[in-house]
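Dear colleague,

Please find the structure below, handed over for your records and for your own inspection. A summary of the findings follows it.

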Amino acid sequence: MTAVTDQGRDHGQGHGPEGEGPVEVPAGDVRRWDDGLIARRAAEAAQDRLEAERPPQDEPGPEAEAYAMSGSALRPRLDALRELVGLSRARLDGSTLAEAGRVLDEASARRRLSARHTVVAVAGATGSGKSTLFNALAGVQISDTGLRRPTTSAPIACSWTDGAAGLLDRLAIPGRLRRRPVQGGTAVDEALQGLVLVDLPDHDSAATGHREQVDRVLALVDAVIWVVDPEKYADAALHERYLRPLAGHAEISFVVLNQIDRLSGEAADLVLDDLRRLLDEDGMAVGEHGEPGATVMSLSALTGAGVGDLRELLGRFVQDRTAAARRLSADVDAAAARLRSVYVADGRPGLGERARDEFTERLAEAVGAAAAGQAAEREWRRNANRACGTPWLRLWRWYESTRQLGGLDLMAQVLAPPEEELTARQRVEQAVRQLADDAVDGLPGPWAQAVREAAVNGAKGLPEALDDLSRSAQAGGGRGRGGNTDTGSAPVGPGAGLGKRGSTSVGGKSAPVAGAPAGRGTRPPRPAWWPAAVFAQASMTLLQIFGGLWLLGQIVGVIEPGLLTPALVMLAGVVGGPLVEWSCAAAARGPARRYGQEAERRLREAAAGCGRARVLDPVAAELARYREVRERYVAVTEFSTTGA
C-alpha cells in the first residue's frame, strides 16, 4: 500500500482510505484546513464517494495464519477453564460464570485470527496527546488533533501490513477508518511489520458512547498504550476504572508519560517516579531491570523526544508475537481471581470417619438399636426360663399374668408413643443437620448450599425408610442353628418391628422402644443343650410325682411302709428342679448377651445402610463434584504467566 509522504501533501495531495493512493485536492486548495467544519465535511463526503467506487483495501489477499497456542501453557489452561465452567453450570448462577464464558469465547475468536499481527490500542484521557502520539508513531496525520473536544469520536486503525481485516472486523472498525502508516524502510519500520495500532476515543469523554467504545475495544486488543500527561496522570478515574482492574495485564501494558516538553528535566523525573508509585499501589508490576511488567517511559509526541524509543520497544514487542497469548493468559487469571471465592475452601472440607461414625450412631439411637438389643437379650432369657423352669413356677407366673391383665403397662404404652415419636424424628433431623455442618465446614458458599440441599432432600424420607427397614429386618428374622452359634440368623431384635406393642414411631410410623417384647411368632434360637435341660427338668418333675405317689401309697396302705426311700426320691426331684433351672439360667447368660448384641448390630447396620444410601452417598457425591471442579480450578491457575 502506498504511504502518504510529506512531498505529496506539499503538492496538494491528501490521504485517502486505507489501501488507496493519494487523493487529489481541487486546484487552488494548496493546503487543507482540517479544523474547518465545512472543509472537514467536504473531505468526508469525498472520502465516502471513493469508498463507494473502490473495493475495500483489506479484501485482497488471504488472511494470515490462525493463532496457534498448542505449544504454550495457555491451551491446557483454557481447556481446564472450559471444563470448569461446564462442571459448574448446575451449581453456580450464570452471572458468576459470565466472565469466564466471555474469556473462553474471546480466546476462541482470537485463535482463529491472524498470528502475525499484534493489535495495540492507544488509550488516554482528554488532552493527554493520545492522538498526537498515534500520528507520531504512524508518521502521518491520521487521527485528528486540536483544541476541540472530544477530537477522536470513533476508533481509528493503522495497520503496517495486510491480512488484519479479520482482527479489525472483530473490533468493529469500518473500512473508512482503516489507515496505513508512512514507512521509511528502516530497521524499526521492518520490526513494526504486523502492528495494528488503534486510536481510541477519550476514556473520560462526556459522551457515554465514547466510553462504551473504549471499554469494548480494550477487552479485545492484544496490548494497550496508556497515554497520561503531567496534569492528570494521577486521575482517579484512570486508576480505579482501568489500571487497577487491569493490574494483571502489566506485561501487555505501556504507560507513557506524554508532554514532558512542558516539564524541566528534574520535574519530569519526579513525575515519572510518582507515576511508578501509583502503578505499584494499583498492583501493576513495573518491568524494570529485565523483570516482567508494564513498560513505563516518558516522551513528547509533539517534539518527537522519546517517540523513537517507543517505536523500538513496540517493534521488539510485535516481533515476539506473544502479546495475544499474554493477553488471554491475563484474562484467564482475572477470571480465575473472580471465581476464587466460589472454588477455594478454607481448610479441608469433607466427611471424615469420625463424622460418618457419629451420624450412624445418631441414627442407631433414633431407631433404638441399643434398647432393641437389651430387649432381645431379656426375651432370650425369658424363653430359656420358660423352657427350663419348673412346672410349678411356670404355673405361678401364668396365674400372676392373668391377674395383672397388663393394665398399667398397656396404659404406659398407649401414652408413650407421641413423645417417643417426636424424640425419634428430632434425633434423625439433628443427625442430618450435624452431618451437613461437618461436611460444609470451610466449603465455599454455593457448594455448601448444594451439600446441604443434598442432605435435606435425602432426609425427607429417612425416618420412614428407617421404619420400613426395621419392619423388614424383624420379618426376616429366623431361628438360629443351635449351639453356641445361636446368633447366626437372629432377627433384628425384639421391638425392632413396627406396629407392635411397646414400639414407637420414627417419622410417623413405629420404632422400637426399650424393653418392648418380641413380636408374635418370632422366637429366639435355642442352643443345642436345651433338649437335655428340658429332659432333666422333666425327670426332676417325674421324680417328684413318683416320690409323692410312693408316699401316698404307703399312707393308704397299698405299699409296704418305708418312708426313707420315697422321701429321698421326692426330695431329689424337689431340689433338682430349681437346680436345673438355675443352671440353665447361668448357661443362658452368654448366648442371651450375644443374641442381644447381634440384634443391636443388625439394627445398627440397617439404619447405617439407610442413612448411607439416602444422605451420606448424595453428600459424598456433591463433595466429589466439588473436588473435581477444584482440581480444574487448580489447573487453570497452575500455569499462570502473570503471577496472578
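The paragraphs below set out what was found, beginning with the sheet and moving on to side-chain pairs.

Please note at the outset that this is a predicted model.

**The sheet and the helix across it**

The model contains an open sheet of seven strands with mixed pairing, in the order E5-E4-E6-E3-E7-E8-E9. Its edges are formed by strand E5 (178-179) and strand E9 (295-298), each of which pairs on one side only. Within the sheet, strand E7 (residues 223-228) runs parallel to strand E8 (residues 253-257), and five bridges join the two. In this pairing, Trp226 is placed opposite Val255 of E8.

Helix H5 (residues 130-138) lies across several of these strands, namely strand E3 (118-124), strand E4 (156-159), strand E6 (195-199), E7 and E8. Relative to E6, helix H5 runs at about 155 degrees.

**Aromatic pairs**

There are five aromatic pairs in the structure. One of them joins Phe254 and Phe317 in an edge-to-face arrangement, with 5.2 Å centre to centre and 85 degrees between the planes. Phe254 belongs to strand E8 and Phe317 to helix H11 (residues 307-320), so this pair ties together parts that are 63 residues apart in sequence. Both Phe254 and Phe317 are buried.

Tyr343 and Tyr633 form a stacked pair, at 5.4 Å centre to centre and with 25 degrees between the planes. Since Tyr343 is located in helix H12 (residues 323-343) and Tyr633 in helix H20 (residues 564-638), the pair ties together parts that are 290 residues apart in sequence. Tyr343 and Tyr633 are both buried. These two tyrosines also belong to one aromatic cluster, together with Trp447 and Tyr626.

**Salt bridges**

Across the whole structure, the search returned 31 salt bridges. One of the individual cases is that of Arg110 and Asp222, whose closest N and O atoms are 3.0 Å apart. This pair links distant parts of the chain: Arg110 sits in helix H4 (residues 94-111), whereas Asp222 sits in the loop between helix H8 (208-218) and E7, with the two positions 112 residues apart in sequence. Arg110 and Asp222 are both buried.

Helix H10 supplies residues to two further salt bridges, described in turn here. In the case of Asp274 and Arg277, the side chains meet at 2.7 Å, N to O. These residues are three apart in helix H10 (residues 265-282), and therefore about one helical turn separates them. Asp274 is partly exposed, because its relative accessibility is 21%. Arg277 is likewise partly exposed, because its relative accessibility is 39%.

The other salt bridge is between Arg276 and Glu288, with the closest N and O atoms 2.9 Å apart. Arg276 lies in helix H10 and Glu288 in the loop between H10 and E9, so the pair ties together parts that are twelve residues apart in sequence. With a relative accessibility of 23%, Arg276 counts as partly exposed. Glu288, with a relative accessible area of 32%, is partly exposed.

Elsewhere, Glu598, Arg601, Arg602 and Glu605 are joined into one network by salt bridges that share partners.

**The surroundings of Arg170**

Arg170 is found in helix H6 (residues 165-170). A relative accessible area of 18% places Arg170 in the buried class, for which the limit is under 20%. Leaving aside neighbours within four places in sequence, Arg170 is in contact with Glu106, Ala109, Arg110, Leu113 and Leu220. Arg110, listed among these contacts, is the residue that forms the salt bridge with Asp222.

**Cysteines**

The search of the whole structure finds zero disulfides. As for individual cysteines, Cys158 has 0% relative accessibility and therefore counts as buried. Cys610, at 7% relative accessibility, also counts as buried.

With kind regards

Terms used: Residues are numbered from 1 along each chain as its sequence is written. This is a predicted model: local features need pLDDT of at least 70, side-chain atom pairs count only at pLDDT 80 or more; totals for chains, interfaces and linings use all residues. Side-chain values use heavy atoms; hydrogens and water are left out. A disulfide is a pair of cysteine sulfur atoms within 2.5 Å. Buried means under 20% relative accessible area, exposed over 50%, partly exposed in between (1.4 Å probe, protein chains only). Two strands pair if DSSP finds at least two bridges between them. Helices (H or I, at least four residues) and strands (E, at least two) are DSSP runs, numbered from the N terminus. Contact means heavy atoms within 4.5 Å. Axes are lines fitted to C-alpha atoms, for helices over the stretch in contact, and angles run from 0 to 180 degrees between N-to-C directions. Rings of Phe, Tyr and Trp (its six-membered ring) pair if their centres lie within 6.5 Å; planes under 30 degrees apart count as stacked, over 60 as edge-to-face and the rest as tilted. A salt bridge is a side-chain nitrogen of Lys or Arg within 4 Å of a carboxyl oxygen of Asp or Glu.
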